[in-house]
Amino acid sequence: MSECKHPRGSGHQKKIWDQARELKKEGTPKELALNTMYDEWSGYYIDIRPAIDRAVERAYSFNLGSREKRTPWPKEDRKLIETIVHENSYSLAELNESSPYPSNGLEKIPSVFLLQLLFERESLICMGQTKYKPSIRTVEEFCSSNEIGEYIVPRTMLGEYNLNDQGEVSARCNNNTGPERYVVIEFDHSSSSEQLSIIKHLKDFLPLVLVIHSGNKSFHSWFNGCNAPAERVQRFRQYAATLGADTALFTKCQLVRTPNQTREENGKKQVLHYFDTAKIPKDGEGVSIFDDYRMPPESSNDLDLEHDLSIKVPKIEALSDFMLNCKPEPPEMIEGIMHQGTKIALAGASKAGKSHLAMQMGYAVSKGEHFLGMSTRRSNVLYLGLELPDFSLKGRFEKIISKMPTDNLDSGPESLFISNGRGNWSGIQSLELMIYHCIKNKIELIIIDPLYKLDDIDENDQKTTKSILRKFDDIIEQTGASILYVHHFTKGKTNDKNNIDLLAGSGVLARDFDSCILLKESKNEYKLDFILRNQKPKDTLWLKEDYPLKVVNIERMKSGGSLGNRNKDIPKKNFTTDDIIKQMPIDEWIKSGELQNLVNEETGMGKSTFCKLIKEATDNEILKSKDSGRNKWYMLE
């Protein structure tokens, strides 16, 4: 092979496009042009024949003058703008407050991180520090070089070069621009309040991903148009034009402002003011994501301006239609206790082994192994640890894996994912920024351990607790995954409380879940109780310790009884008041129900016997009693 006259590193993309174009202009036949270029580049350090094929094919198929005439965009309608603004009054503070990603962290998100969220891995994108010399590279190349420009094309690119409408070789041109991804709207001639009010209104027609300030006088709003029907996007742009949008941004290869980059001419940052990671385009996403959005109007007569677009309104439908349209019951991830796409609480007393049990469950589901005798559906699991250092988390999983069954341990791809947020966590917004990666990795179960570390919330405050739980609903809707959170019991004695009141914090926590698993422990004996909303009631499951695992206690399952009651199968004994006196605290009042549970746990004494003996003890002035509401209290005389 002869040595190529083009040395390594001299660049080939622009050269072969120019060469193909010149050969076409000279009248060289297509086949001869291909062979000529093959020969010239045959000694090059890499095989670029596919790139030559593409350049020649494009150059020889290009026909000047074939550009279609475009229909002009509609003119701005000031009367319509005034009506829209009046009905959708909106301020920058309200925009910030409505951002799913907390406003106090928006400006701190590095542009490098934003790029990786906004575009698919290995995507070719066009970016530049100026409008005149943008470059095309993969997202990873831009990020690793940290050469993030203040301008970006909000679509992916087809290649490094193509022919523009004049038949010239160009990197940034419509012919080199990929399919619709983000529809960017800018208003150059409106006040800030008008722009924000219109952006709020436009949220009803396409999913709003982000809003930035240009660093001068306008806001850029990015809408998800990926896989949207062409008619919807075209009508959206036409409607935006009537509301004063800059139609220059409707050009396929038009550069827009890069979020959180600095504007060179005045040194001001192009600040991100709103960000909804859930609306970022996702792989495999179809047109159904637009079902919840109104079709952009063709005229002002199509508008319903009295509807407050900030309020979610569920659809009203006849029962027969609801039954017909209702989604089918999702599959169970753990037999009898957990559907996919639901919320589950795993709660227990401090140091009862909640985290070990959550890890054991996550590993079993990731392998499709039985969990405490219940079958599981093999699913991708994310264990989000927020409490332990790396070495401790690793050690626990090593011990769990060493004791787990081995039937499926080596089959199939990796299905358990670990994310340790200790020292690397910024609250619920961190979890929201993980949504994209959960979808990418097809996560079906997210385990959060523990809940109290997830965000800086007061567990007893209903408002903040509801906010977190609503965000869980949003994450479930976006990912399709179940969320299981590990939580602790309320302080104090738990024996006299109903199961539903055992979880610490606001009563909202105790009533929001779809399933609740309660881990109870007394004197090295364990049991699981279940509160189930969507499945049949499930009997108590008795466990024993096989560190680091919990396993079913077969003998205990046969005997049943209360936690700590080891006397169920022992012949009845003759109980006396001494059996009650031994459980009495010194110089303290104790509630009747709590005392009865203590006595039952230690002796197996039944309720009727307890009532008989407690009366005997008070009659004989061994105990004194008092009434408080509907409760009776006792104390040693």
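**Exercise 1.** How many of the residues of α12 are buried?

*Solution.* The structure is a predicted model, in which local features need pLDDT of at least 70, side-chain atom pairs count only at pLDDT 80 or more, and totals for chains, interfaces and linings use all residues. Residues are numbered from 1 along each chain as its sequence is written, and side-chain values use heavy atoms, without hydrogens or water.

Step 1. Helices (H or I, at least four residues) and strands (E, at least two) are DSSP runs, numbered from the N terminus. Helix α12 comprises residues 354–367.

Step 2. Buried means under 20% relative accessible area, exposed over 50%, and partly exposed in between, with a 1.4 Å probe and protein chains only. By this criterion 14 of the 14 residues of α12 are buried, so the helix is largely enclosed by the rest of the structure.

Step 3. After α12 comes Gly 368, with a positive phi near 75 degrees.

**Exercise 2.** Determine the span of helix α20 and the partners of its buried residues.

*Solution.* Step 1. The expected span is 1.5 Å times one less than the number of residues. For the 12 residues of α20 (592–603) this gives 16 Å, which agrees with the 16 Å between the end C-alpha atoms.

Step 2. The buried residues of α20 include Leu 595, Leu 598 and Val 599. With contact defined as heavy atoms within 4.5 Å, the buried residues of α20 pack against β18 (515–522), α19, β22 (590–591) and α21 (607–619).

Step 3. Gly 604 follows α20 and has a positive phi, near 85 degrees.

**Exercise 3.** Describe the sheet that contains β6 and the helices packed on it.

*Solution.* Step 1. Two strands pair if DSSP finds at least two bridges between them. The four strands form an open sheet in the order β6-β8-β7-β10, with antiparallel pairing.

Step 2. β6 (182–186) and β10 (272–275) each have a single partner strand, so one side of each lacks a neighbour in the sheet.

Step 3. Five bridges join β6 to β8 (residues 219–224), and Val 184 stands opposite Trp 222 in β8.

Step 4. Angles run from 0 to 180 degrees between N-to-C directions, along lines fitted to C-alpha atoms, for helices over the stretch in contact. Helix α9 (residues 192–202) touches β6, β7 (208–213) and β8, and makes about 5 degrees with the direction of β8. Helix α10 (residues 230–242) touches β6 and β8, and makes about 5 degrees with the direction of β6.
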